[in-house]
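Here is a friendly walk through one model, for someone meeting it for the first time. Take a look at the sequence and the 3D view, then read on.

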Amino acid sequence: MMNFVVKTIANAGALAVAVWLLDKITLTGDSTGKEVGTLIIVALLFGLVNFLVKPLVKLLSLPLLILTLGLFTLVVNALMLLLTSWLADKLDLSFHVEGFWTAVVGGLIISVVSWALHVVLPDGD
C-alpha cells in the first residue's frame, strides 16, 4: 500500500512539474486545494493508464521499439499522456494536454522527474 502511495505522489509531482514548465499542459481550478485534488486524481488516472494500457501498446509496437532502439518509447509515453488528458476531459477534470509534440515533451519531463522522485522517495518495501 505504501508503494502505491509513493508512486501516486511521484506521478503527481512529475505532472505538476510538466504543468509548470509547459504552457500547453494546463491544470486549472478555483483554489490551490482544488488544483491539488485534481492533480492527485489525474496522477491516479495516469498510473491506471500506464498500468493497463501501456503494456499492451508496448507489446503491439515491439517491432518499432526494436527498430528505433527504444526511442519509440517517447511516442508511447506521449500517447499515454494524451489518453490521460482525454479521460480527464471525459471525467470533467480540468487537466488538458494540447497537441502531440507537447505530449512528447511532457512525457519526457514526467519520465525524468518521476524517476528522480522514485530515487528520493522511500519505496515502502
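What follows covers one pair of helices and then three single residues. Keep in mind that this is a predicted model.

**Two helices that cross**

Two packed helices are described by the angle between their axes and the distance between the axes. Let's start with helix α2, residues 32–52, and helix α5, residues 72–90. Their axes come within 9 Å and cross at roughly 130 degrees. That makes α2 and α5 oblique to each other, because an angle over 115 degrees but not over 145 falls in that class. As for handedness, α2 passes α5 in a right-handed crossing.

Who does the touching? On the α2 side, the contact is made by V42, L45, F46, V49 and N50. On the α5 side, M80, L81, L83, T84, L87 and A88 take part. Sort the residues of this contact by type and you get nine nonpolar, two polar and no charged.

**A closer look at α5**

How far should the 19 residues of α5 span at 1.5 Å a residue? The expected figure is 27 Å, and the end C-alpha atoms of α5 are 27 Å apart, so the two agree.

The buried residues of α5 are F72, V76, N77, A78, M80, L81, T84, S85 and A88. M80, L81, T84 and A88 are also among the α5 residues that contact α2. Once α5 is done, D92 follows, and D92 has a positive phi, near 60 degrees.

**Three residues to find**

Now pick out N11, V36 and S114 in the 3D view. Here is where each one sits and how accessible it is.

| Residue | Helix | Relative accessibility | Class |
|---|---|---|---|
| N11 | α1 (residues 2–21) | 13% | buried |
| V36 | α2 | 44% | partly exposed |
| S114 | α6 (residues 100–120) | 10% | buried |

The classes follow from a simple cut-off: N11 counts as buried because 13% is under 20%. S114, at 10%, is buried for that reason too. V36 has 44%, which lies between 20% and 50%, so V36 counts as partly exposed.

Leaving out residues up to four places away in sequence, what does N11 touch? Its partners are A43, F46, G47 and S114. F46 also turned up on the α2 side of the contact with α5. Under that sequence limit, S114 touches A10, N11 and A14.

Finally, compare V36 with S114. They are 78 residues apart in sequence, and their C-alpha atoms are 17 Å apart in space.

Terms used:
Residues numbered from 1 in each chain as written. Predicted model: local features only at pLDDT ≥ 70, side-chain atom pairs only at ≥ 80, totals over all residues. Heavy atoms only, no water. Axes fitted to C-alpha atoms, helices over the stretch in contact; angles between N-to-C directions. Helix = DSSP H or I, 4+ residues; strand = E, 2+ residues; numbered from the N terminus. Parallel < 35°, antiparallel > 145°, perpendicular 65-115°, else oblique. Left-handed = near helix turned anticlockwise from the far one by under 90°. Contact = heavy atoms within 4.5 Å. Nonpolar A, V, L, I, M, F, W, Y, C, P; charged D, E, K, R; others polar. Expected span 1.5 Å × (residues − 1). Buried < 20%, exposed > 50% of the residue type's maximum accessible area, 1.4 Å probe, protein only.
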